[in-house]
Amino acid sequence: MLLPNYLGGRWQQGTGPGTPLYDPVRGTELVRVDRTGLDIAAGFAHVRQHAGPVLRALTYRERAERLGRIVKVLQAQREAYYEIALANSGTTRADSAVDIEGAIYTLGQYARWGETLGDARFLIDGETARLAKDGSFQSQHVHVPTPGLALFINAFNFPAWGLWEKAAPALLAGVPVVVKPATATAWLTQRMVADVIESGVLPEGALSVVCGSSAGLLDALEPFDVLSFTGSAETAARVRSHAAVAERSVRVNIEADSLNAALLLPGAGPGTAAFDLLVDQVVREMTVKSGQKCTAIRRVLVPAEVHEAVGEAVSAKLGAVVVGDPREASVTMGSLVSREQLDHVRQGLAALSREARIVHDGAAQPLVGVDPDVAACIGPTLLTARDAVTSDLVHRLEVFGPVATLVPYQGLAEAEALARRGEGSLVVSLYGDDPAALASAALTLADSHGRVHVVSPEVAASHTGHGNVVPASQHGGPGRAGGGEELGGLRALRFYHRRSAIQASAAVLGVLAGGVAAPAL
């Protein structure tokens with residue numbers, strides 16, 4: 001079956017044979033995607049000219065109400081989404097929930113937040129400023145929805161959440177969305193878009209999906225469009241140098257590679273709550289979605305005197321993980337998304353092994369219910385750096401799978417320096433029981449990490465988890481992580497608005513009272 005694309009307010013089949021999508025566990029072909037023959041420029045023009053004005057004519061409250069209705073559409077079809085995720089991503093139901101339920105929750109949260117903006121169509125930013133001594137001429141900053149479209153080029157690991165965590169603030173802002181999902185797992189994204197379009201909740205063309213090659217998509221972008229890219233740092237560099245960004249000044253948000261770290265503070269040895277909390281989170285981040293999360297822990301920074309104890313504790317838990325076909329009741333970790341990704345993980349492990357020794361060998365772990373020559377399955381692998389300071393790849397190479405490396409350190413200052421060797425990450429998590437030490441380390445690392453997740457015994461049962469991205473907190477990171485920002489409450493609307501200063505008389509500015517105060521944009 002060839003999945004159709006939705007662009008220009010209509011469903012369109014590609015004219016080529018299509019690229020097959022596979023079951024990564026059984027190796028069977030599922031569907032095909034293709035966008036050959038689509039007139040991208042015309043399709044984008046239709047979105048800007050027809051969907052954009054209709055969306056912007058709605059108030060924030062009206063757009064929020066539509067997000068709430070999308071939630072109901074997706075909830076009604078969630079079992080179909082779980083079936084697609086199982087077949088196309090090879091994930092267990094629990095791991096699929098991170099993607100599917102996370103998407104629905106994020107949409108619902110933005111629907112609730114959007115309601116608070118009321119019946120305005122623009123946002124007032126700050127107080128008026130006098131430009132004349134007598135106050136007759138003043139300036140007022142405002143945020144207005146961009147008149148372009150939002151193009152999302154997404155990654156393969158979160159086909160549901162990756163769409164809706166971006167689309168929720170975009171649609172709430174009044175900006176129509178075109179999503180280009182990663183080909184390997186495009187089926188779930190395409191199905192969700194199809195269900196929403198069929199429901200009639202959104203204006204025609206407000207949500208579009210293009211599956212297959214991304215070639216030419218950036219060529220069709222115009223100055224008031226926005227682009228959100230999630231993927232490798234190598235591809236991100238090409239995005240930044242494209243004429244759409246470099247010459248036409250298309251606003252771009254990028255999330256790229258990230259060598260996220262977990263840091264156990266000095267004094268938190270075996271038998272302490274902080275030690276156990278670190279072990280639990282490392283194992284979770286290595287195994288949820290088979291480690292295919294942009295926020296997963298890749299480096300585990302631990303005091304040198306306890307690094308062997310940490311390795312033993314983590315290895316013991318990893319040994320209990322059952323890897324294989326998620327259709328089997330006993331399986332707790334499914335597959336990677338493709339044999340291609342499996343090859344990448346194996347190559348990455350071979351490279352890391354030059355600087356680190358294997359503590360727990362996932363390749364030796366038995367697989368349940370699969371043919372190892374067909375399935376993209378591999379057990380979780382834990383390594384330990386031979387020399388934390390002189391190692392290079394440990395701090396530079398991200399193996400996007402169930403892989404983490406222990407990095408022993410001498411003193412907290414060295415640990416903080418090692419964390420910074422990632423050159424900018426999405427998240428670092430800290431574990432300890434001394435509030436002052438935790439706060440100090442958090443502030444020290446805040447400038448090089450998009451999120452600092454501090455775990456102490458009193459939040460053991462309530463913290464959201466190292467790798468869990470929630471709509472109330474920023475998602476993004478500096479440096480090699482891309483320099484982007486997503487989510488973070490209503491502040492995420494800033495990316496889809498244009499800030500302008502209106503300079504006029506007090507009487508003219510008084511008319512702007514119909515706006516609502518900008519929520520810390």
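Which residues line the largest cavity? I opened the notebook with that question, and before answering I noted how the model is to be read.

**Ground rules.** I am working with a predicted model, in which local features need pLDDT of at least 70 and side-chain atom pairs count only at pLDDT 80 or more, while totals for chains, interfaces and linings use all residues. Residues are numbered from 1 along each chain as its sequence is written, and side-chain values use heavy atoms, with hydrogens and water left out.

**Cavities.** I searched on a 1 Å grid over the protein atoms alone, where a cavity is a set of points at which a 1.4 Å probe fits but cannot get out, and where lining residues have an atom within 4 Å of a point. Grid points are joined across faces, edges and corners, and a volume is the space filled by probe spheres set on the points. I found four cavities of 30 Å³ or more.

The largest cavity holds about 80 Å³, and the residues that line it are N154, A155, N157, F158, W161, G162, E165, K166, T230, E255 and C294. Helix α5 (residues 161-173) gives the largest share of this lining, four residues; helices here are DSSP runs of H or I with at least four residues, strands are runs of E with at least two, and both are numbered from the N terminus. I sorted the lining by class and got four nonpolar, four polar and three charged residues, counting Ala, Val, Leu, Ile, Met, Phe, Trp, Tyr, Cys and Pro as nonpolar, Asp, Glu, Lys and Arg as charged, and the others, Gly among them, as polar.

For the second largest cavity I noted about 70 Å³ of space, with a lining of E165, K166, P169, S228, N253, E485, E486, L487, A492, F495 and Y496. Two elements, α5 and β23 (486-487), give two or more residues to this lining, and the largest share, three residues, is from α5. E165 and K166 are thus listed for the largest cavity and again for the second largest cavity.

**Pockets.** Next I turned to pockets, each an open set of points with protein on both sides within 12 Å along at least five of seven lines. The largest pocket has a volume of about 1,200 Å³, and of the 45 residues that line it, F156, G231, S232, T235 and Q341 lie nearest its centre. Its lining takes two or more residues from each of β11 (226-230), α7 (233-241) and α11 (339-352), with α11 giving the largest share, six residues.

The second largest pocket comes to about 300 Å³, and V98, G102, W161, N468 and V469 are the closest to its centre among its 17 lining residues. Helix α4 (residues 93-115) supplies the largest share here, six residues.

**H449.** I then looked up a single residue, H449, which is placed in strand β21 (residues 449-455). Is H449 buried or exposed? H449 is buried, with a relative accessible area of 5%, where buried means under 20%, exposed over 50% and partly exposed in between (1.4 Å probe, protein chains only). Beyond its neighbours within four places in sequence, H449 is in contact (heavy atoms within 4.5 Å) with A419, S425, L426, V427, V428 and P478.

**Cysteines.** Lastly I checked for disulfides, meaning pairs of cysteine sulfur atoms within 2.5 Å, and the count was zero. I also noted that C211 is buried at 0% relative accessible area, and that C377 is buried at 5%.
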